[in-house]
Structure formats: C-alpha cells, structure tokens
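Trainee: Could you help me see how the names we give to parts of a structure are justified?
Mentor: Gladly, let's look at one together.

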Amino acid sequence: MRSAILGFVIGAAWLQTRATLPQYFTILLLLIAACVLIALARHSILQKLKPPLFVLFGAILGFIWAALFAQYYLSHELAKDLEGKDITVIGTISSLPNYVERGVRFNFAVEEVLPLEGVVPTIPGKLALSWYSSFNPADATPISEIHAGERWQLTLRLKRPHGNANPYGFDYERWLLEQNIRATGYVRPDQKAELKNQRLSPFVFSFNNVVERSRGWLRQRIERTLDGKPYAGVIVALVVGDQRAISQSDWAVFNRTGVSHLISISGLHITMIAAMFAGLVFALWRRSFFTLARLPLLLPAQKAAALAGGLAALVYVLLAGSGVPAQRTLYMLTVVALALWYGRITSVSYVLCVALGVVVVLDPWAVLGPGFWLSFGAVAVIMYVSVGRARAPAQSAQSRWRVALKNAGLTQYAVTIGLVPFTVLLFGQASLVSPIANAVAIPLVSFFVTPLALAGSVLPAPLSGWCLEFAHFLIRELAQLLGWMSGWQLAVWTVPIPAWWMFALALSGTVWMLAPRGWPARYLGAFAWLPLLLNTAAHPRAGEMWVTAFDVGQGMALLVETEKHRLLYDTGPVYAPESDGGNRVILPYLHARGINRLDGVMISHSDNDHSGGALSILKEVEVAQLSSSLPLDHPIVNSGPPHQRCAAGQTWEWDGARFEVLHPSTDSYESSKWKPNARSCTLKITLGEHAILLPGDIEARQEAELVANQADMLRADILLAPHHGSGTSSTEPFLRAVDPQFAVFQVGYRNRYRHPKQEVYDRYGALGISRLRSDDTGAISLHFGQQLQVSDYRSEHARYWYGR
C-alpha cells in the first residue's frame with residue numbers, strides 16, 4: 001500500500017514536468033501495463049520484487065490520473081476569439097473578495113451567459129476577476145461593496161490564462177490551472193441599461209458560499225476590531241487563512257527568521273485545536289455518566305472525542321482555505337480518528353502515506369508547491385527521529401517537564417537540520433536564526449495567539465475585543481523581536497539553487513546525521529553537505545557575456561553579466577503598492593542564482609514600467625553604482641548608492657566587454673521641453689564581434705539624431721525594441737542603421753497600449769529581423785561568445801499548460 005502511494009506521487013510529479021499531455025491511446029497502453037504489473041506483483045515467484053513492482057504500478061496510475069485531471073481542466077479553456085470582447089454573465093461571487101487599491105478581486109462562478117451578437121458564447125465556469133473603480137485615478141468612482149455568495153450580473157472583458165514566465169519565478173499559469181480558473185478578466189463599466197452591472201440576489205445558498213461568507217464575516221469582525229493596527233492581517237491569516245493583508249516587509253522578516261509557516265493556519269495549529277476539542281469532549285462525555293444523560297452508554301468517550309476532534313479540524317481547514325499543510329493535517333487526523341473509531345492500531349508511516357496520497361489525488365499539482373515538500377518533509381523528519389527510538393521514562397513531574405523540553409528541543413533541532421536541503425533547493429536560502437525564533441514563536445503563536453484570535457473572532461463584544469487586542473499585542477511584541485533578529489548580519493545563509501546531485505547528496509548526509517544513537521560515525525554525514533555549502537553563483541567564462549531579458553509584463557528589465565561584473569538595465573513596472581518587477585521577478589532570480597551584489601544599475605528614465613522595481617532592488621541588493629536620467633530629487637536617486645547621470649560619451653570596460661552610453665546629451669538635462677522618454681539612457685554593449693543596443697523608450701526624433709550623428713556606432717546584433725515597439729519609434733532609417741539579427745520586444749500580454757504596433761512589428765519582419773516577444777517566449781536568454789546563442793524560457797522549460 002505505502003509503496004503504491006509513493007509511486008502514485010512520483011507518477012503525478014513526473015506528469016507535471018511534461019511539455020505535452022499523453023494521448024488517450026497512450027493512456028490506455030499505460031493502464032494495460034499497470035494491470036500486468038499488479039498481476040506480476042501477486043505472483044508467488046516474484047515476492048522479492050513486490051515493493052518495486054508496486055512503486056511502478058503506483059507511478060503509472062499517478063501519471064494517468066494527473067493526465068486525465070489536466071485534460072479535464074484544460075478542456076474548459078476560453079476560446080481565443082472571445083478575448084477582449086464584452087460578455088455579460090450572471091453568476092455568484094465564489095471566493096473571499098480581496099480589496100486592493102482602487103478595486104477588488106474575486107473569483108466568479110458563472111451560471112448563465114447572455115447572448116453576444118445573437119449567439120451564446122461558451123466560457124469557463126470559474127473566472128478570476130478584477131473590478132476597478134477606474135484606470136485613471138483622477139476620475140475614479142467607488143465600486144459596489146461585494147460579498148461571497150452574492151449573485152451578480154456583470155459585463156466582463158476576458159482573456160486566457162497568462163502569467164510572466166521567468167526562471168525561478170512564480171508560475172501564475174500553473175496556479176490558475178490548479179484552481180481550475182481558465183480565464184481572467186475585469187468588470188467593464190456600465191454600457192447599456194439592460195446590461196447594467198447589478199446585484200441580483202444578496203445570497204445564493206451552497207456549501208462553498210456558506211464557507212466563504214463565514215470567512216468573510218470573521219475577517220470583517222477582526223478588521224473592524226483591529227482597525228488601523230499594523231498586524232491585523234496576521235490575526236486574519238491565523239483565523240481564516242487570508243494572508244493578503246500582511247505587508248511585504250513583514251513577510252521579509254518572517255522568512256528571514258524562518259517562522260513564516262506559523263503565520264497561517266498550519267498543521268500544528270489544526271492539531272492543537274483538534275486536540276483541544278477532543279480533550280474537552282472526552283472529559284465532558286465521561287463525566288456525563290453521572291448525569292441523566294449517561295452518554296458513554298450510547299457512544300464510548302474515545303469515539304466521541306475522535307469525532308469531535310475530526311469535526312473541529314474539518315471546520316478549521318475549511319476556514320483556512322484548504323492549503324496543503326492544512327489538508328495534510330486533516331487527512332492524517334482523519335485516518336487516526338478512524339483507527340480509534342474502529343479500534344485499530346495504525347502505523348504512523350501509514351497515516352503519513354495515506355495523507356500524501358489523498359492530497360495528490362485531489363490536487364495533482366500540489367507536488368509543484370514548496371509547501372507540499374516542506375509540510376510532508378517536516379513530518380517525515382519528526383517520524384524519523386522519534387518513532388521507534390527508546391526514551392528513558394520520567395519518574396516525577398519535574399522529570400517529565402525536563403524530558404518534554406529536551407524532546408521538544410531535539411525535535412526542533414531535527415526539523416531545522418532536516419529541512420535545510422529542501423529550503424535551499426526551493427528558496428536558495430536557510431534561516432540560521434530559525435531554531436531560536438521558532439523556540440519562541442511556536443509556543444507563543446500556537447498556544448496563546450491562535451486560541452485568542454479564534455475566540456475573539458466568534459465571542460460577543462466586549463470579550464471579542466479583549467481577546468483580539470491581546471492577541472495583537474502578543475504578535476506585535478513577537479514581530480519586534482523577530483525584526484531585531486532578522487537584522488543580524490548572519491540571520492540568513494544564502495546559496496545558489498543547487499544541482500539535483502548536490503541536493504540528493506546533502507539529503508543522504510542529513511539522514512545519516514539524524515540516525516539513532518549507536519549509528520557509526522554520524523558526523524560523517526556533514527561531509528555530504530560540502531558541495532551544497534561550497535556552491536557558488538554561476539558566471540560567464542572569460543570572453544563570454546550573458547544577457548537575460550526578463551518577462552516583467554509591460555516593462556523593461558535586463559541583466560547583463562560578464563565574467564566578474566553584473567549590470568541591471570531597468571527594473572520593470574509597479575504592479576500594486578507592494579508588488580513590482582523588482583520583488584516579484586528580478587529579486588527571486590538573483591537570490592536563486594546566489595547573486596547578492598550588482599556592479600551597476602542603470603534606470604533609463606522615470607516611467608513606471610522602467611523604474612518601478614528599483615527601490616525594491618536597491619533595498620535588498622548591494623549596488624556599487626547607480627546611473628539614470630532621473631531628476632536629481634527623485635527617490636531612486638536619493639536611495640543610497642553613488643549616482644551619476646547618463647550622458648553620451650560615457651564608456652567603460654568590464655572583462656573585455658565595452659559599454660558605451662550613446663544618449664542623452666549632457667545639455668538635454670538643462671532643458672524642460674523633453675519628456676522622460678526623450679532622455680532614455682541608450683546603452684550599447686560590445687563583446688568581440690557581437691553587440692547589443694538598449695535604447696529604452698527613445699522615439700523617432702531621438703532615433704533620427706542618433707542616425708545623423710552616430711550612425712557608425714549603432715550597429716548591433718541584438719536590438720531591444722525602442723519604446724516596446726510603439727508607433728512613435730523603430731523608424732526604418734534607425735533599424736537599417738542598427739541592422740540587428742534579433743529584436744527583443746519586452747511587452748505585456750494583451751497590454752492596453754497594444755505594443756508592439758502591428759505596422760511596426762511588420763516593419764521588423766520586412767527587414768528580415770527575427771522577432772522575440774516576451775509575452776510569447778517568457779524570459780529571453782542571450783549568450784555572447786564565439787557565437788551568439790538565443791533561447792527563451794517557455795521553450796527551454798516547456799510545460800503542457802503554456803500557450804493554452
């Protein structure tokens with residue numbers, strides 16, 4: 001059974017690495033092969049091969065199950081010809097609304113689609129929508145307040161699932177597929193009276209709507225009581241699992257101190273609540289024998305306690321939004337409760353495997369989430385260091401406390417050591433202060449803050465206010481302590497994401513180090529960590545240069561790397577008040593590569609889509625030199641690193657690569673008539689026989705000046721399309737002067753500026769220039785050396801859900 005479950009997980013994980021889904025004929029052949037394997041496994045001659053045969057059998061079933069799951073979800077795709085059209089639908093708000101600046105985001109369950117041009121279009125049944133007050137803040141108008149479970153008529157503009165595709169970045173398209181959301185969009189302003197956006201019903205009864213409305217009610221109570229308090233979002237996360245109100249700065253502290261697993265409804269919290277309810281019911285049920293009820297005669301107290309604990313866990317998991325750690329805990333508790341109910345002794349490893357299998361059966365994409373591996377990895381480590389190992393019995397109450405503290409310390413040590421290979425593989429870092437931080441945070445959050453927050457969310461006033469205020473006080477004091485600890489210079493150990501063999505070697509060494517007493521030379525396991533500890537950031541060899549054009553949506557950001565130097569050209573756009581191209585795309589890439597220092601950052605000009613991520617990057621990464629065309633009083637200029645203005649004629653060399661600033665001229669800064677685009681820093685980088693030209697957002701007039709004055713300097717193999725291929729740039733004389741082999745368009749999918757303009761895009765093609773669009777290709781990698789090599793992320797890292 002356990003071998004088959006492990007194989008099932010392996011098979012499901014293998015399917016998620018495929019570029020295409022298997023055909024139904026292939027699935028049929030695999031199903032036949034699985035039947036043959038199970039028959040062989042039952043043959044008496046092959047008993048010694050039974051475990052591997054069951055693993056292979058489970059792997060085939062897992063692969064088939066995940067493939068069928070994916071094909072079913074992908075069959076609900078929005079048709080391409082419906083993108084960008086106004087479609088009026090009737091349906092219900094099916095998730096907890098998330099209020100953001102100038103709008104609200106929510107999931108929408110479609111019930112009816114109104115005719116479009118006389119035909120009823122077919123659209124997915126579940127949508128992710130945004131409703132903005134206005135795209136222009138100057139004329140913003142308030143939108144209606146919405147709640148889960150309400151029925152609305154809305155006019156929508158939809159598009160197919162699409163997200164930024166970057167190495168080490170968040171895969172938004174996979175996440176949407178996992179949620180069975182096959183279209184996203186936004187609510188259009190009222191167009192006609194008969195198609196007015198309007199609420200049709202205050203509540204539509206369904207199980208999901210009841211759960212989501214309950215979560216909303218609890219969140220509203222907490223937010224109303226803790227209005228304006230800095231850590232109200234943490235209390236909300238502990239009660240209903242909604243973490244969206246926690247600031248990025250707080251998350252940075254929690255991650256650096258290794259306690260982020262507690263700032264949610266974790267498995268530990270669910271276990272504690274289930275044990276609390278089970279213990280209470282057990283005590284009351286037994287004592288009811290001395291009343292007229294005599295409940296133990298109707299149902300044994302052990303069964304009543306198991307039922308109460310299981311129901312409490314179920315309710316809490318539903319409130320949590322059913323994340324992987326919460327699911328894992330619920331399934332494990334359910335198996336234990338069933339074992340108690342039927343009087344069976346259950347192996348701990350059996351419980352863990354059943355929970356593992358159920359999670360993957362219900363969500364085959366769970367294997368791609370870090371929480372899956374960290375959650376089950378932590379439980380596996382605890383099992384490995386505790387189950388079946390002899391412990392000296394305690395003789396007195398004082399001895400029992402001493403033994404309990406010792407065991408808790410050993411468990412924390414084992415989990416910390418055991419998860420290091422996983423955290424380094426998943427995040428490229430490990431918190432060195434995590435054992436100390438968790439020693440304080442785990443008992444405080446689990447035994448005080450969480451019960452107080454839960455009680456405060458349901459008790460009547462003024463008890464609710466007292467509980468929530470005290471819970472917030474404890475979290476605030478804990479956050480101050482964690483903030484102090486996160487500021488330590490050695491709080492976090494960062495390292496590049498390791499190769500698979502480094503991870504496997506470190507994992508085997510960890511198993512060796514955590515082996516029971518008496519295991520020979522346990523210290524030798526530490527030597528298996530050496531490749532992980534000595535891993536350094538990859539860099540180009542002498543005479544080479546790497547350029548990575550990130551997929552930041554509608555914006556620009558490129559990382560230029562030579563043998564010993566790195567330059568970042570532009571930093572992408574701002575997406576939301578605490579989300580930008582810097583902290584969402586560039587920083588995860590730098591951290592995963594082990595890059596903690598940049599020799600230069602060049603901000604071409606002040607437009608949001610070029611400078612939006614700069615402050616996030618300058619805050620997290622050491623920058624030796626900042627250059628830009630920004631005003632001298634701009635916050636980025638005053639952020640810390642030495643600053644100089646871009647000016648034509650500036651040159652320098654790094655590792656054989658020549659960097660030349662071609663624009664703007666020094667005297668342009670003295671004039672007020674130029675727009676920021678006109679002052680874009682234009683940089684040419686030459687290595688040997690190859691060159692790349694980065695012109696920012698210069699337009700036709702600046703292109704004409706460059707052609708007239710520096711035509712011989714413009715020749716380059718790679719051209720970053722000026723102004724994203726707008727209609728005011730990429731003139732034919734300029735393109736002929738540059739004469740590039742490839743043109744890179746950094747643009748957002750279906751962006752509202754409609755970049756690149758079709759006539760401009762066609763102009764590149766007519767001149768024989770190969771065109772690369774980041775909205776189609778994802779991040780684009782350019783390797784300069786003896787030859788010029790071009791690759792893109794969506795091709796190199798192909799997955800079956802891309803381009804759907």
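Trainee: What kind of unit do β24, helix α22 and β25 make?
Mentor: This is a predicted model, and in it β24, helix α22 (residues 732–738) and β25 form a right-handed β-α-β unit. The word "right-handed" fits because, with the strands pointing away from you, the path from the first strand over the helix to the second runs clockwise.

Trainee: How do you know that β24 and β25 pair?
Mentor: Pairing needs at least two bridges between the strands, and strand β24 (residues 718–720) shares 3 bridges with β25, in the parallel sense. So the two strands count as a pair. One example of a bridge partner is Val744 in β25, which partners Leu720.

Trainee: Which strand pairs with β25 over 4 bridges?
Mentor: That is strand β26 (residues 770–773), again in the parallel sense. Here Arg771 in β26 is the bridge partner of Ala743. With helix α23 (residues 758–766), β25 and β26 make a right-handed β-α-β unit too.

Trainee: Which way do the residues of β25 point?
Mentor: Phe742 and Val744 point one way, while Ala743 and Phe745 point the other way. That is the general pattern: in a regular strand the side chains alternate between the two faces of the sheet. All four of these residues are buried.

Trainee: Why is Arg773 called buried?
Mentor: Its relative accessible area is 19%, and buried means under 20%, so Arg773 qualifies.

Trainee: What makes Asp776 and Arg773 a salt bridge?
Mentor: Their side chains meet at 3.9 Å, N to O. The limit is within 4 Å, so the pair counts as a salt bridge. By this rule the count comes to 24 salt bridges.

Trainee: What is the N to O distance for Glu469 and Lys229?
Mentor: It is 2.7 Å, and the two side chains meet in a salt bridge. Glu469 lies in helix α15 (residues 463–486) and Lys229 in the loop between α5 (207–225) and α6 (232–240), so the pair ties together parts that are 240 residues apart in sequence.

Trainee: Why are Glu469 and Lys229 called partly exposed?
Mentor: Glu469 has a relative accessible area of 33% and Lys229 has 31%. Partly exposed lies in between under 20% and over 50%, so both residues belong there.

Trainee: Which residues are linked with Asp86 in a network of salt bridges?
Mentor: Arg157 and Arg188 are linked with Asp86 in that network.

Notes:
Residues numbered from 1 in each chain as written. Predicted model: local features only at pLDDT ≥ 70, side-chain atom pairs only at ≥ 80, totals over all residues. Heavy atoms only, no water. Buried < 20%, exposed > 50% of the residue type's maximum accessible area, 1.4 Å probe, protein only.
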